[in-house]
Amino acid sequence: MMFHTKTISIFIATIAATCNNYHASGFTPTTISTRQQTTTSLNIATSLPNVADILNLGGGSNNNNNNNNNIEEKEPETKALIDLDGIALSGLKGKALSLTTEDFPDSGTVRKVIPADCFEPETAKSLGYLSVSVVGTALCTAFGFAALPILDPANILTLPFWTAYSVVTGTVAMGLWVLAHECGHGAFSKDKKLQDAVGYVLHSLFLVPYYSWQRSHAVHHRYTNHMELGETHVPDDENADDNLYDSIELRKTFLDKFGDEKGIELWGSFQAFLHLIIGWPAYLLIGATGGPDRGMTNHYFPNPLTEPKQPKKELFPGNWKEKVYQSDIGVAFVAAGALTWAACNGIPEMMAIYGGPLIVVNAWLVLYTW
């Protein structure tokens, strides 16, 4: 992928807008203060935590700071505070964790520095990208069909080849998913009928209901980082009594059984498998990793599967319910084709040509959003 010069200029302009909210001394937030013994303030000038805080010696004035790193007491919502308990700092020494909302430009400021034509979909360019991905995926698939008479997928000895084929074909087909994603965002074309037609077909090929995902993905962006209404990758709340997908106790079981070092490695491997292989279907079917307040959700059925805490925030309200069912038609058609294929030519062949690459596509889309 090549970086367009306009993209680079936008990036630089955005950074410039962000830097206006910082002191002239560099990346120094306007306020850094202390709260309790369990809270550590960061000396951004040195990128190191305040030693007095770490040793619980008090002295929140941070007298060793220079004049460009003054400390002010303000209301709690503007303090740049983090709790370092259990956090291993990276090379940035916690700088990102110490920033406040005042350190970043609002969306209006960012939009002003982005050229207006960047918000205008270009149908011809989108169709060009679509053609590239379609041709690439078709060539890979044709190669797979050509290999079937030579390398029978039912023979376990051919598994390495078909695994490699799935990785390559699924990675190439990922371009189709990216374009399907843009259709859902309304960024593919000004022609809404064309856009929805392309999005509907591509989503259906990946067994994802188009309108259902269009709605849930918009909600995902609306409630990013929201612990109750977020749509994906919402952490479990250890203080909640009714976590739908509580992994905290299971993680503790791994550590107790295998020890801290080995246990965390096994837990990480287990989580990688759950997210990359099972995660996407689980999200579509039961809303896995979503926030708890909408109850259990299903992208193929519009009504909540369990009683939501906030009924007015259900995932598919009003006219969206009908759109969910409209989306199911395309998915059902593709699923029926895959099942017929498996019944006629065997599950190994269907999985080798279609199922394996689909799993890789699902793994990619989870990996780059995880």
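How many salt bridges does the count come to? In this predicted model, the count comes to 5 salt bridges, and a few of them are worth a closer look.

Side chains of opposite charge can pair when their charged atoms come close. One such pair is Glu231 and Arg294, whose closest N and O atoms lie 3.6 Å apart. This salt bridge links distant parts of the chain, with Glu231 in the loop between H7 and helix H8 (248–258) and Arg294 in the loop between helix H9 (260–286) and H10, 63 residues apart. Glu231 is buried, at 5% relative accessibility, and Arg294 is likewise buried, at 4%.

Within helix H8, Asp256 and Lys252 form a salt bridge with an N to O distance of 3.0 Å. The two residues are separated by about one helical turn, because they are 4 residues apart in the helix. Asp256 is exposed, with a relative accessible area of 55%, whereas Lys252 is partly exposed at 45%. Lys125 pairs with Glu122, the closest N and O atoms being 3.8 Å apart; Lys125 is partly exposed at 44%, and so is Glu122 at 41%.

Turning to helix packing, the axes of H7 (residues 210–222) and H10 (residues 320–345) come within 6 Å and cross at roughly 135°, which means that H7 is oblique to H10. Residues making this contact include Tyr210 and Arg215 of H7 and Trp320 and Lys323 of H10. By class, the contact comprises 4 nonpolar, 4 polar and 2 charged residues.

Pro209 sits in the loop between helix H6 (192–205) and H7 and is buried, at 0% relative accessibility. Among the residues that Pro209 touches are His299, Tyr300 and Ser327. The C-alpha atoms of Pro209 and Gly330 are separated by 7.4 Å, although these residues are 121 residues apart along the chain.

Notes
Residues are numbered from 1 along each chain as its sequence is written. This is a predicted model: local features need pLDDT of at least 70, side-chain atom pairs count only at pLDDT 80 or more; totals for chains, interfaces and linings use all residues. Side-chain values use heavy atoms; hydrogens and water are left out. Axes are lines fitted to C-alpha atoms, for helices over the stretch in contact, and angles run from 0 to 180 degrees between N-to-C directions. Angles under 35 degrees count as roughly parallel, over 145 as roughly antiparallel, 65 to 115 as roughly perpendicular and the rest as oblique. Contact means heavy atoms within 4.5 Å. Ala, Val, Leu, Ile, Met, Phe, Trp, Tyr, Cys and Pro count as nonpolar, Asp, Glu, Lys and Arg as charged, and the others, Gly among them, as polar. Buried means under 20% relative accessible area, exposed over 50%, partly exposed in between (1.4 Å probe, protein chains only). A salt bridge is a side-chain nitrogen of Lys or Arg within 4 Å of a carboxyl oxygen of Asp or Glu. Lists of a residue's contacts leave out its neighbours within four places in sequence.
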